[in-house]
Every structure is written in structure tokens, then in C-alpha cells.
Amino acid sequence: MLPPPPPRQSFPDGDAAIRSTDDDAAHARVSAVRKGYLKDPYIQYLVPRLHLIPTRPPLINIGTYVRSEVIDKLMVKWLDLLDESSQAQIVSLGAGSDSRFWRFTDLPPKAKIVKWIEIDFPEIVAKKALAVRKHSKLSEAVGPDLAIEKGGTVLRSSVFNILAVDLRGEPSEALQPLEVLLSDGQPVLLLAECVFPYMSPETSAAIIRWFTERYSRVSIISYDMFGLGDAFGKVMRENLQIRNIELPGVDDNPTRQSLEHRLHGCGLSETNSVTLKNARAACFPGPEVDRISGLERLDEVEELDLVLGHYSITWGSKDETGAAARWRVE
Ligand SMILES: C[S@@+](CC[C@H](N)C(=O)[O-])C[C@H]1O[C@@H](n2cnc3c(N)ncnc32)[C@H](O)[C@@H]1O
């Protein structure tokens, strides 16, 4: 979502600034949970000092809600479309403090998920591994074979794994640890929720291609900004630049369709996308729309549409079962 107004910060390196975007995402989620938009019984264990996190404006809460719910709906749909014998493998790139693994353990489709692998910078992995070690609500879901290694920068278990990897590295080296964890022939779902904007288009394309060239059944759900060439985009970039954050991955994305083209260029044949603005209008049943609109007074409807119109959830598949063609969120 749109970053919060910038207190000037200085980071020792650009990567610390990129890592700080995990706090933005996690704090926005905390706020959306606090105001009743989302249910997340696990975030309290993953984000420290919850009581000090300020509640975000309605616009941020609504955006966080739409993004989170639509990605969840797509993942459930993807799992539902797999046949009984399929064993789902989820790879979350730039997972940060995301609680989705635990939220999905509470859902029936969990039975089909045999691997859940998260990737982020070592500092973020260490923070999450520490939280898992500390809180039984997290560690019990991971299972009895939980092991935390390499100074806390690797978390392993038979299902859930977190790896410290800089995704900008040459994929043949950076992603090599995945080869022993993933089985070919079984479906792989890549989740890239607001991570590709922080790397060059060539880098994100090389990552996606690494998967599509190695595995026969690959799907992806990606969440990105686009169309930042306008006045809104200029302000957004300026706010981020004050925090030393650049968005090299966004320049190639003038439109929502360009995000789908990126996937086509990386070997994914079935693609689709929806802006958060359109998803808010089309992807929720009436009673849920009523519930959400009763949570907070929203004065800035035009501003909300402007902001949500710059974010897209894009998805696609390389899946010979043809399931991808039926993979719709509405
Ligand atoms: C905006 S946060 C999103 C976190 C999470 N996906 C979510 O949506 O809640 C971006 C995440 O990507 C990670 N990230 C960005 N560039 C990365 C890179 N080159 N290698 C590994 N992780 C990266 C950051 O550390 C951060 O945790």
C-alpha cells in the first residue's frame, strides 16, 4: 500500500531500507486486524510491541484488507483446483512477517500442502525464526521436527522452511537450495507479494524463469504497483526516496496488462490480473461489503480509488492440467 508519511530515516545500506518495507506491510496488517477488517490470530506473535503500532487511516486498512483477502481467495481456489493426488508446494518470495502459513494451517486445503518455503534477507528470517522458537502457537503448527540452524537464519521442518537468500543473486546459485526441497511433477505456487518492485525487471524475470524452466507445474500470484508515471506515482516515489527506497521493478509496468506480459515472457501461458480498485468492487459478497463499509467512516472515496487503481494482483500458470484456465477470483 501507499507508504506512511515519511519520518526521515537513515539506513546504513540500501538493503536495510528495503527490509524496512516488511514493517510497513506488517504494521498495516496489524492495523487492519485491530479495526476488524481482517482476522489474524497469529500476527500478535510475529510482530513485536503491537500496542506501539499506530492505527492506519481507513484507506490503508481497506487496501490491506482487499489485497490480503483476494490473494487468500486465489490461493484457496488454486488448491481447490488441484486433483486429489496433487501435493502442493508453496514458495513465498520476500515473505517477511507474513502469517499466511499459519492461517492456512487452519483451513481444510492444508491437507494438500506438503511444502511451504519462505525466502527473505537473513535479518528478516532471523526475526521470524526467533518468533517461531518463542511462541508455541507458531512452533506447534510447524511440527516436532522444527530445527533452527545457521545462527537463526535457516528454519527447517518437513513442511515449513524459511531460507535466507538475496533474491537478486544469480538464480542458479541463489535458488539452488530450493532444488532439494521441491519435487518436480508436483504443483508449485510462487507467491510474490510486493517484492518484485524492489528489484530490476531482469532480476524478477530471471527468478520466475528459473522456476518455469525447472518445474513442469508452476503458478504464480504476484502483487505489485504499476502506472507510477503519473502525479500519484511521483509523490509515492518521492516519499519512498526519503527513506532510501527505490522501485526499480516498477518502471516496466505502465499498465496492469504489462504485469501479465511479464509472466507470459517467463513461460506462464495462462494469466489474469485485477486492480485492488476493481477487486474491491467485484470480489466480495454483499454482506461482506456491508460489514466492511460499516467499520470506519471513509471520506476520501476518490483518493481510495486513485490509490487502489495503482496496485494489481496478477496471476498465471504453466500447468498442463489446464486448471489455470479456470483459475478465477470473482
Ligand atoms: C513490502 S515487504 C512484503 C512482505 C510480505 N510479502 C507481505 O506482503 O506482507 C517486501 C519484503 O521483500 C523482501 N525483499 C525485498 N528484496 C529482497 C531480496 N532481494 N531478497 C530477499 N528478500 C527481499 C523484504 O525484506 C521484505 O520482507
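**Packing around helix α10 and other local features**

The buried residues of α10 pack against α8 (201-214), β7 (218-225), β8 (270-275) and β9. The model is predicted. Helix α10 spans residues 256-265, and its buried residues are S258, L259, E260, R262 and L263. G267 follows α10 and has a positive phi, near 95°.

Strand β9 covers residues 311-318 and holds T314. The relative accessibility of T314 is 1%, so T314 counts as buried, the cut-off being under 20%. Beyond the residues up to four places away in sequence, T314 touches I220, I221, S222, L259, E260, L263, N272 and S273. Three of these names, L259, E260 and L263, are also listed among the buried residues of α10. The side chain of T314 also makes a polar contact with the side chain of S312, at 3.1 Å.

The second largest pocket was examined next. Its volume is about 200 Å³. The lining is made up of 13 residues, and those closest to the pocket centre are I62, R280, V289, I292 and S293. Helices α3 (58-81), α11 (276-282) and α12 (286-293) each supply at least two lining residues of this pocket. Helix α12 gives the largest share of the lining, 4 residues. By residue class, the lining of the second largest pocket has 9 nonpolar, 3 charged and 1 polar.

Aromatic contacts were then surveyed. The whole structure contains 11 aromatic pairs. In one of them, Y37 and Y65 are tilted, with 6.1 Å centre to centre and 50° between the planes. Y37 belongs to the loop between α1 (14-34) and α2 (43-46), and Y65 to helix α3, so this pair ties together parts that are 28 residues apart in sequence. Both Y37 and Y65 are buried. A further tilted pair is formed by F211 and Y215, with 6.5 Å centre to centre and 35° between the planes. F211 and Y215 are buried as well. Elsewhere, ring pairs join F101, W102, F104, W116 and F160 into a cluster.

The loop that carries Y37 also carries L38, between α1 and α2. L38 has a relative accessible area of 5% and is therefore buried. Setting aside residues up to four places away in sequence, L38 touches R29, A32, V33, T64, Y65, S68 and E69. Y65, the ring partner of Y37, is thus one of the residues that L38 touches. Over a longer span, the C-alpha atoms of L38 and P171 are separated by 35 Å, and the two residues lie 133 residues apart along the chain.

R29 sits in helix α1. Its relative accessibility is 8%, so R29 counts as buried. Outside its neighbours within four places in sequence, R29 is in contact with L38, K39, D40, I43, T64, S68, S99 and R103. T64 and S68 appear in this set, and L38 touches T64 and S68 too.

Positive phi values outside glycine were found at K150 and N244. The phi of K150 is near 50°. K150 lies in the loop between β3 (147-149) and β4 (154-156). With 63% relative accessibility, K150 counts as exposed, because the cut-off is over 50%. N244 has a phi of about 70°. The loop between α9 (231-242) and α10 holds N244. At 40% relative accessibility, N244 counts as partly exposed. Loop residue N244 comes ahead of α10, whereas G267, with its own positive phi, follows α10.

Methods:
Residues are numbered from 1 along each chain as its sequence is written. This is a predicted model: local features need pLDDT of at least 70, side-chain atom pairs count only at pLDDT 80 or more; totals for chains, interfaces and linings use all residues. Side-chain values use heavy atoms; hydrogens and water are left out. Buried means under 20% relative accessible area, exposed over 50%, partly exposed in between (1.4 Å probe, protein chains only). A polar contact is a pair of N or O atoms within 3.5 Å; within protein, one must be able to donate a hydrogen and the other to accept it, and residues adjacent in sequence count only if both atoms are side-chain atoms. Contact means heavy atoms within 4.5 Å. On a 1 Å grid over the protein atoms alone, a cavity is a set of points where a 1.4 Å probe fits but cannot get out, and a pocket is an open set with protein on both sides within 12 Å along at least five of seven lines; lining residues have an atom within 4 Å of a point. Grid points are joined across faces, edges and corners, and a volume is the space filled by probe spheres set on the points. Ala, Val, Leu, Ile, Met, Phe, Trp, Tyr, Cys and Pro count as nonpolar, Asp, Glu, Lys and Arg as charged, and the others, Gly among them, as polar. Rings of Phe, Tyr and Trp (its six-membered ring) pair if their centres lie within 6.5 Å; planes under 30 degrees apart count as stacked, over 60 as edge-to-face and the rest as tilted.
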